[in-house]
Amino acid sequence: MSPFEPSSPPARRTSSNPPDADWIRTLEGTFDASPDAVAIASIDRRMLHVNDAFVRLMGYTREECLRKDGPPDWARSSPALMEAVLKHGALESELEAERKDGTPIFLRLSAWVVRDEANQPQAMIASFSDITARRLAERELKLKNAAVEMSGVAIAILDPDGHLQYANAQFADLTGYAREVLDGRSSDDLFGDNGARMLGSVKQEGRWVGENGLHCKDGAVLPIHLTASAVKDESGQLVAIMASMIDITQRKRAEEELRFQNAVLQTQQETAIDGILVVGEQGQMRAFNRRFVQMWGIPDEVVKSRADELALQSVLSKLAQPTEFIDKVRWLYEHRQESSQDEVELADGRVFERYSAPMFDDAGVRYFGRVWYFRDVTEARRATEQLLLKDAAISASLNAIAIADASRHVRYVNDAYLELFGLARDKVIGQTVDVLFPGESDDVIAALGTEGQYIGEREIVGPDRVAKNVLLTASLVKDPAGVPVASVAIFLDITARRRAEAALAKRTLELERSNRELEQFAYVASHDLQEPLRMVSSYTQLLAQRYRDKLDADAMDFIDFATDGAARMQRLIGDLLAFSRVGTRGRPPVAVDMNEALMTAISNLAIAVEETRATITHDPLPVVHADETQVVQVLQNLVGNAIKFRGGRDPVIHVAATRLPEGVWEFSVKDNGEGIDPAFHSKLFQIFQRLHGKKVAGTGIGLALCKRIVERHGGTIRLESEPGKGSSFLFTLPA
């Protein structure tokens, strides 16, 4: 049905009398200024005029409204409407129409017939008012009312004095009253003593939320969760109070059941032999029993505070491996679904078995936290470990082991025994001890009976037909009452040891010979090789003194070259001699104060220090266990190198020491010199390696000598340096 059609359209009425044009123009001028939308139609239903308000309201142009081929879409069913106006002379109605853009619109229509002096109808005038906002508001209100009625929540509306004005079906069902009986009841009737408090809170703060009791028809007081809110008008005056209620009877029963279950759980926890800890989803302590506190020795003040961090620190302080404990806890909280069972070791030697499981709701979705159980298994673990160790040691031992009972029958042999003697297990088990000690069983039994032990060496031929040396140890085992219950025989294959002893003796003889040859080389280097050099040096110097006036400059240069070469050769031989004697002439290690050793080294370099204006500082240095002379030599060589390779600067040298976790001291000699390219670091400690050639005096043995001395003491030496940034030589010595 068109929005312009009445429910019962009247009979059609027509007129062929055209309206007077002047009269129509008068009407047009009258309504053009009207704020309401106005349309004028002829008696034969042609649109004669629409004002600007009508055009704006409906969205059509004036031309579209007045076109001769018929009215626009919204007015195509208007003939029935016009018939109704002609029949009754006037019409007021509400209708739904459609704008040009298709959007719906609700209109209030006032239409009437305009007649001339002869009472003949001349035209029809219709005035339209937009009531869309009102109709939509009414529709929304109906929806809200339906929502309130269909809501699963009990809702009541009270006036500012607390008297009931409205209640939905759910509220009536909760109370058991009919809705008409509830009208006008006070908040005290409904909520008892809390009614006045609820009213006061709403009036003062605009809201009240809490648990309350709803007084029902049968006299029962129903536990509810009540939310009451103030409803105010535009001026801020309280006009009503809206209260929504939820029946919490089941929740209250569940809470009571939960309290009961908690009481049972608390009793179980407090009587359990395990330490129990319950933590929340964020790791916070929620519950623990006395056994947990006792096992971990948590202080009373921490227990009373229930502070998570303090409790954790107390636990960590008792652990042998706190980092592993923390890592495991973190892993479990990252993998909430996982359970865990392992052991933790405490610093005092105790061992706790640790079990952890997550806590979820029945659906397995809601995560509540984690429960931890700790059981002290120290004694059981120690006993088990001892048994396992003994069994593993016997089974896996490389030594051949056999056990006989008190009746001297073999009850056990391990794999090593069978392999050593080339026997099958069933050929030994159950036999008498004669099978273990063929030809010697009487001697062994006699020794066990008198001394409780037998030790002897024997030679056997194994399954590989190779002779082997075996050390036999047999012992008697007694119970706590001193009664013999078993005997244990251990056969130790000492063939390799005997061969090693022979090889060691041979090697010792070779080393002694090598040392004698090294001593002989040192003697030759210090006497036979240096004597000709001293002669060359003496005669070249004598030649220079006697014939200086008779020789030309070239000859004198040659003499200087020879003298310098002889001197360098003497220094080289001296350094080689010192290098070779590091191991053979070294002194036994003693306590050496490295502060004094450094002072001795600096004193030996006094002339070089003064000439180069060197600044040498040091931190407090420790006492080490070393050869004092050789340690001074290392410091002297390293400080001397720092002075020598200063790169044109005044040397600034600093000596420091750091205690390393390995139980050694690391010393550093740092300078501000020219630095060394990392490409050459590996070559510096090799003998005769010189980066500066003959431009700087030296034989290239100094750093190699330092390396050999440090390694003799079981240490290491290394270099940290970059060109232009100085160098740091670092070496270690035993504390």
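**Exercises on a predicted model**

Setting aside neighbours within four places in sequence, Thr249 is in contact (heavy atoms within 4.5 Å) with Leu222 and Pro223. The model is predicted, so local features need pLDDT of at least 70 and side-chain atom pairs count only at pLDDT 80 or more, while totals for chains, interfaces and linings use all residues. Residues are numbered from 1 along each chain as its sequence is written, and side-chain values use heavy atoms, leaving out hydrogens and water.

**Exercise 1.** Place Thr249 in its element and decide whether Thr249 is buried or exposed.

*Solution.* Step 1: Thr249 is found in helix H10, residues 249–271. Helices (H or I, at least four residues) and strands (E, at least two) are DSSP runs, numbered from the N terminus. Step 2: buried means under 20% relative accessible area, exposed over 50%, and partly exposed in between (1.4 Å probe, protein chains only). Step 3: Thr249 has 16% relative accessibility and therefore counts as buried.

**Exercise 2.** Find which residues of helix H14 are buried, and state what covers them.

*Solution.* Step 1: H14 spans residues 322–334, and its 13 residues reach 19 Å from first C-alpha to last, close to the 18 Å expected at 1.5 Å a residue (1.5 Å times one less than the number of residues). Step 2: the buried residues are Phe325, Ile326, Val329 and Leu332. They lie on the same side of H14 because they cover an arc of only 130° around the axis, taken from the directions from the helix axis to the C-beta atoms. Step 3: on the other side, Thr323, Glu324, Arg330 and Glu334 are exposed. Step 4: the cover over the buried residues includes helix H13 (308–316) and strands E13 (340–345), E14 (351–360) and E15 (367–376).

**Exercise 3.** Describe how strand E20 is joined to E16 and to E19.

*Solution.* Step 1: strands pair if DSSP finds at least two bridges between them. Step 2: E16 (residues 400–405) and E20 (residues 484–493) run antiparallel, joined by 6 bridges; Asp405 has Ala486 as its bridge partner in E20. Step 3: E19 (residues 467–478) is also antiparallel to E20, with 9 bridges, and Leu476 stands opposite Ser487. Step 4: the hairpin of E19 and E20 has 5 residues between the strands, and Gly482 there takes a positive phi near 90°.

**Exercise 4.** Which element gives the largest share of the largest nonpolar core?

*Solution.* Step 1: a nonpolar core is a set of buried Ala, Val, Leu, Ile, Met, Phe, Trp, Tyr and Cys residues joined through side-chain atoms within 4.5 Å. Step 2: the largest has 40 residues, and Leu638 and Phe731 are among those touching the most other members. Step 3: H23 gives the largest share, 8 residues.
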